2 protein chains.
Amino acid sequence: MGVTRPDARLEDVLRIHSGRLVGDGVPVPDVQEAETSLASWDEWFEFWARKAQRYETLADEALAQGRRRSAGLLYWYGSLAYQYAQFLWFHDLPVREAGQRQKQRLYDRAASLLSPPAERFAVELDGLSIPGFLRLPAGAGPHPAVVLLGGLESTKEESYLFENLCLERGLATCTFDGPGQGELFFQARLRPDFERFTSAVVDYLTTRPEIDAARLGVLGRSLGGYYAVRSAAVDRRFSACVAWGAMFDLSHYDRLHSSAQQGFAYVAGFDTPAEAAAYLRQAIDLSDVAEQLRCPLYVLHGAQDDLMPMPQLEKLRQMTKSVPEAVWDVPPDGNHCCHNLYHVVRPRMADWLAQQLGGNP
Amino acid sequence: MGVTRPDARLEDVLRIHSGRLVGDGVPVPDVQEAETSLASWDEWFEFWARKAQRYETLADEALAQGRRRSAGLLYWYGSLAYQYAQFLWFHDLPVREAGQRQKQRLYDRAASLLSPPAERFAVELDGLSIPGFLRLPAGAGPHPAVVLLGGLESTKEESYLFENLCLERGLATCTFDGPGQGELFFQARLRPDFERFTSAVVDYLTTRPEIDAARLGVLGRSLGGYYAVRSAAVDRRFSACVAWGAMFDLSHYDRLHSSAQQGFAYVAGFDTPAEAAAYLRQAIDLSDVAEQLRCPLYVLHGAQDDLMPMPQLEKLRQMTKSVPEAVWDVPPDGNHCCHNLYHVVRPRMADWLAQQLGGNP
């Protein structure tokens, strides 16, 4: 089990993130192979890129045999492999961005093969084109729906397994890339008004006859937890909000891991964390809207989260006292977003959403 | 990652079996905790029993909140934890058998909450009562069906995730405990005529209007691969057979790991491997029926399998030349039953069955 590894960076990534990778669906044998075979962080991207290429080949073969469901699974494995190849690859941006595009390409190949399929859509705002995916549960609609928001280096392609938890509980799911995320990064960097992008997507959902516009929820993970509260505070069409990780502001920016600092600087369009710090502290702050939140709120937060420390949760708690119902689910042994407890906490959030929105928990 | 561990037994179990545990659905954080926190094999059973008890508590809470789907998942986690608590616990049989009964009890609690539900049935044969579960796919029947056979220490409760692969491809699934397995162990030890129990279950399936008796397949894993070929060779109602692991006989019994030797002796009703050897070599042998096999055959076998070495596969290949179609899927890097490649090989077997039986691959 494990090798003696001189590379602290690689050790850190595996220690901090393996629960997230596995919880999101990266095959465990691949994570184990990374743990036992990689000697340094330099080998990370290429390792996962090779896995992705292998899955694409297997998917092509399955598709040629008429095995559409397996092909969808395999393209999705490939997409996930590229997602995690590039997610912290900030020191070599052309490679990172190539990985990002490969992830999108493979998810696009998977989309129509998933069950239920993911339908791509695009919404215009300020001359930008917001890309997204919509999935509908079985049965007659109109269905309640939940808008799923990614965080710092997560995108609309990352939440397939969590979508499935929602879909099997009768909730439609909608994901999109906002400013600084995925495809939209190439058009728009992180900015203070993410909630306008969420609302533009809600405008679109209300045009879909399959969706019950009176039963909409929003959930965001990690930095997406911040975006979710912001979006639900401003847009009263949401009747349930889940912060999968509590974040109120970036007052602790200087104390983050350097990879998180680099990530924030990158998505905000700065070359270095030092240059980005002042902008980020101003752009990421719930003070202006948190007290406006009026819908039921569920906060899942790991007490051991070192990216979003507990004072962040306390600020959020103080500023959301006007909500009609709040659940503060804070496992004492949970790490960032409770990724180390994914198999227990993720169904719990989906259950709460289904009960709030009238799905089938 | 990992601790320096003086206990070779524990190290062996984790090295050999972690892919099986994870592939069958044991939560990865639990496997990781076992890897990093257990100091010796003596702690194994109690570790998993505590996990099971915790999942049962969480399941009870979910059920009280009307969260039936999550409750089913959590009872199933508990059942799996007891399955793997006891699966190699041959040195302390009262504890093993208590774990076996707890596994059954928790799966029974999960059964009606699963989606689709698992319906318990019982079939009489020779004064014995064969217990089983039937699950039906969505949509109008009658459905093709696949009978899933467990191996040495696997039982009808173990195949939930593989069942789901079949069900989403339009195949009903039927599992049962045969001689030496699970509940039936307490009535009947391992014996040479497992195929009669399979046929009794097929008799039952043909009485069910939801099942299309003209489209039946059989799949068995590990020792179950032996039972599957035996059953399909003798019962011509099967029109597809999958050996998830190729085993022809027990001529290599003396060269097995001691835990496998002990397991065989236990399920056959002997106190020691030495006492059991002659009986087992006589009772487990396909020579008398293999050449009768006439339905399409799919064999998945890991070339690195050290429980069922490659000469076993070669014997099977020589003796099944009369089948109309055979696929020999032998990944060069696969271990026992290719558990280290579960995420790729399991959908492939389900696809083949669906294509043979007219499901929806």
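Which helix of chain A is Asp30(A) found in? That is where this set of close-ups of a predicted model starts.

**View 1. Asp30(A), a buried residue in helix α2 of chain A.** The answer is helix α2, which covers residues 28-37 of chain A. Asp30(A) has a relative accessibility of 4%, and anything under 20% counts as buried, so this residue is buried. Look around it and, leaving out residues up to four places away in sequence, you'll find that Asp30(A) touches Phe47(A), Trp48(A), Lys51(A) and Tyr55(A), plus His343(B) from chain B.

**View 2. Helices α4(B) and α5(B) packed together.** Two packed helices can be described by the angle between their axes and the distance between those axes. Here α4 (residues 68-86) and α5 (residues 93-111) of chain B pack at about 165°, with axes 8 Å apart. Angles over 145 degrees count as roughly antiparallel, and therefore α4(B) and α5(B) get that description. The crossing of α4(B) past α5(B) is left-handed. The contact between α4(B) and α5(B) is made by six nonpolar, eight polar and three charged residues. On the α4(B) side, they include Gly72(B), Tyr75(B) and Trp76(B), while Leu106(B) and Tyr107(B) are among those on the α5(B) side.

**View 3. Gln100(B), a buried residue in α5 of chain B.** Stay with helix α5 of chain B and pick out Gln100(B). Its relative accessibility is 5%, so Gln100(B) counts as buried too. Skipping neighbours within four places in sequence, Gln100(B) is in contact with Gln86(B), Thr155(B), Gly182(B) and Phe186(B).

**View 4. Helix α9(B), largely enclosed by the rest of the structure.** How many of the eleven residues of α9(B) are buried? Nine of them are, so the helix is largely enclosed. Among the buried ones are Phe264(B), Tyr266(B) and Val267(B). What do the buried residues of α9(B) pack against? Their partners are α1 (8-24), α5, α8 and α10, which belong to chain B. Right after α9(B) comes Gly269(B), with a positive phi near 90°.

**View 5. Helix α10(B), with buried and exposed sides.** In α10 (residues 273-283) of chain B, the buried residues are Ala276(B), Ala277(B), Leu280(B) and Ala283(B). These four span an arc of only 150° around the axis, so they sit on the same side of α10(B). Flip to the other side of α10(B), and Ala274(B), Ala278(B) and Gln282(B) are exposed. The cover over the buried residues of α10(B) includes α8 (223-234) and α9 (258-268) of chain B.

Key
Residues are numbered from 1 along each chain as its sequence is written. Chains are lettered from A and ligands numbered from 1 in the order in which they are written. This is a predicted model: local features need pLDDT of at least 70, side-chain atom pairs count only at pLDDT 80 or more; totals for chains, interfaces and linings use all residues. Side-chain values use heavy atoms; hydrogens and water are left out. Axes are lines fitted to C-alpha atoms, for helices over the stretch in contact, and angles run from 0 to 180 degrees between N-to-C directions. Helices (H or I, at least four residues) and strands (E, at least two) are DSSP runs, numbered from the N terminus. Angles under 35 degrees count as roughly parallel, over 145 as roughly antiparallel, 65 to 115 as roughly perpendicular and the rest as oblique. A crossing is left-handed if the near helix is turned anticlockwise from the far one by less than a right angle, and right-handed if clockwise. Contact means heavy atoms within 4.5 Å. Ala, Val, Leu, Ile, Met, Phe, Trp, Tyr, Cys and Pro count as nonpolar, Asp, Glu, Lys and Arg as charged, and the others, Gly among them, as polar. Buried means under 20% relative accessible area, exposed over 50%, partly exposed in between (1.4 Å probe, protein chains only). The arc is that of the directions from the helix axis to the C-beta atoms.
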